[in-house]
Amino acid sequence: GKPNREESSIMHRAISFVCLLLAVYTLSAQGLRPHQDGLRKGLKYRGLSSSSADSAGPAEMWMSQPLDHFNPGNTATWNQRYFMNDTYWKPAGPIFILLGGEGPIDPIDVQGHFILNTYAEQFGALIISVEHRFYGKSMPTKDLSVDSLKYLTTSQALADYANFRQYITTKLNATQSTWISFGGSYSGSLSAWYRMKYPTLIAGAIAASAPVQAKLDFSEYLEVVQQSIGPECAERVLNVTKMVSLMIGSATGRSQLQALFNTCDPIVSDEDKATFMSSLTDAIAEVVQYNNDNRAAYTNIPKMCAVLLNGTTPAEQLASYAKFNNDFNAAYGSTCTDASYKSMVSQMRDTDPNSDVAAARSWTWQTCIEFGYFQTAESAKQPFSYLITLQWYINQCVDIFGPEFASPNTKWINTDYGSNAIRASNIVFPNGSIDPWHVLGVLEANIASEVSVLITGTAHCADLYAPSPNDLPALTSARQTEVQQIQKWLSGDQC
């Protein structure tokens, strides 16, 4: 997933889906917002949060997991958190598991804000949400040092989920239950890979907005943003980008930008300039990624562009852009616009697992060692600043984690899991056409028992949220496809 603002400064991911990505910082003088995975960020934009959950909701539950599934000599263990809802579970009924992604899980995961409850009622299923290692309260180590984070890999996380499935089957004596996995954004990729790697454990998988192709230079992300906002709005963004790019080159111009955009810190270094330009990009990209998902200041692309297109003179156009940026910050928890690269790196080097940036550090680690997903602006087919370079992202990896982390091993991830050429049965890959992450997804099935659904007009993870009367017909149809596939999987029809 898109990956948060924080992520955005650091890479605009997610991914997790998620749904999956991005930069994350503290609610401090920097105005940074706590990191959420891509899937649960969509809940926030829908006006839903843990505070809206039933106060008598499910209790936290825990399972002991090995620290290292692949080293018999390492006997260390840790406790993984999960939530369950057995309201609809019938004897020998299926088990629907929502895989944790790049952020904490929440009781609301199993309380009706996702489509799982709708499907569980229909199929008599148990619902479980399980947390990903190194996120939320599922901390395998005492800190988030590089030495500890070596245990934060996709393969370890999938092994956790496989072990968890066996544990629950024994604990609940659920040997007759069929398991279906769900995930969105990064956890959508995990859902697909879970089925591929452990087909005897999982009968089928819903992999929503899953960026299964790891990519170092994800320049297509901002290209899709341009396509999604339309030519008139994109031209206005480009005009303002050119204006800001000129201003940022002089001390007087930087002072004006600092005042206009209410920056958290002065813009000093070249890396500060890139950080500031990335911040201006993030707000627009998030509105696109979660188009029509949010209920706050800017609920969709037309409303955003209506503000951006105000004014005719250069000064008026710049003021309109600043108004959108500052209103967006205020609506989503930031008191100012991030501009200091040094401050961002300093916060991201915090190894305290209880800090506000813990999830951001963990996700940044995953992008720096495995996925890339760096949303660069060096393509000519997008309207944002060329200062947002691949090198700027790589510098973050090096400055946060060390010089040996300058090259995410995307080739191995794609070799190990198949990229978007994945050939694994019983997986549904829904993607939204407006969502920039769809570029890295499975847009055409590779074998007959994979189903790819491109949902016209929807954004990140739209099919995983609870149904709404305002849902587009294509979204309703996508969910019907998912139900049909689940029925086949539960009936034992593997074709």
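Begin by selecting Ser419, which is buried, with a relative accessible area of 11%, in a model that is predicted. This serine sits in the loop that runs between α16 (410-417) and β9 (427-432). If you show what surrounds Ser419 and leave aside its neighbours within four places in sequence, you will find it in contact with Val212, Gln213 and Asn414. Now add Pro211 to the selection: Ser419 and Pro211 are 208 residues apart in sequence, yet their C-alpha atoms are 8.6 Å apart in space.

From Pro211, step back along the chain to Ser209, a residue in the loop between β6 (204-208) and β7 (215-217). Its phi is near 45°, a positive value in a residue other than glycine. Is Ser209 buried or exposed? With 1% relative accessibility, Ser209 counts as buried, since the cut-off for that word is under 20% relative accessible area.

Another serine can be selected next, Ser185, which is found in the loop between β5 (179-184) and α6 (186-197). Here too phi is positive in a residue other than glycine, with a value near 70°, and Ser185 is buried, with a relative accessible area of 0%.

Move on to helix α7, residues 220-229, which is mostly covered, as seven of its 10 residues are buried. To see them, select Tyr221, Leu222, Glu223, Val224, Val225, Ser228 and Ile229. What lies over these buried residues of α7 includes α8 (231-247), α10 and α11 (301-308). Just after α7 comes Gly230, which takes a positive phi of about 90°.

Stay with Ile229 for a moment, and hide its neighbours within four places in sequence; the residues in contact with Ile229 are then Ala234, Val237, Val288, Ile301, Met304 and Cys305. Which residues touch the most other members of the largest nonpolar core? They are Ile229 and Phe276, in a core that has 109 residues. The helix that gives the most to this core is α10 (residues 270-289), with nine residues. A second, separate core is made up of 32 residues, and Ile105, Ala125, Val428 and Val453 are among them. As general background, nonpolar side chains tend to be buried together in soluble globular proteins.

For a pair of helices, select α13 (residues 341-348) together with α15 (residues 390-401), whose axes come within 9 Å and cross at roughly 45°. The two helices, α13 and α15, are therefore oblique to each other, and their crossing is right-handed. To look at where they meet, show the side chains of Tyr341, Met344, Val345 and Met348 in α13, which face Trp392, Asn395, Gln396, Asp399 and Ile400 in α15.

Finish by colouring the whole protein by pLDDT, for which the mean is 89, with 87% of the residues reaching 70 or more. Select residues 1-18, where the pLDDT is below 50, although this stretch has 198 contacts in the model beyond near neighbours in sequence. Residues 20-34 also have a pLDDT below 50, and for this stretch the model shows 121 contacts beyond near neighbours in sequence. Where pLDDT is low, the predicted coordinates should not be read in detail.

How values were computed: Residues numbered from 1 in each chain as written. Predicted model: local features only at pLDDT ≥ 70, side-chain atom pairs only at ≥ 80, totals over all residues. Heavy atoms only, no water. Core = buried A, V, L, I, M, F, W, Y, C linked by side-chain atoms within 4.5 Å. Buried < 20%, exposed > 50% of the residue type's maximum accessible area, 1.4 Å probe, protein only. Helix = DSSP H or I, 4+ residues; strand = E, 2+ residues; numbered from the N terminus. Contact = heavy atoms within 4.5 Å. pLDDT = per-residue confidence, 0-100. Axes fitted to C-alpha atoms, helices over the stretch in contact; angles between N-to-C directions. Parallel < 35°, antiparallel > 145°, perpendicular 65-115°, else oblique. Left-handed = near helix turned anticlockwise from the far one by under 90°.
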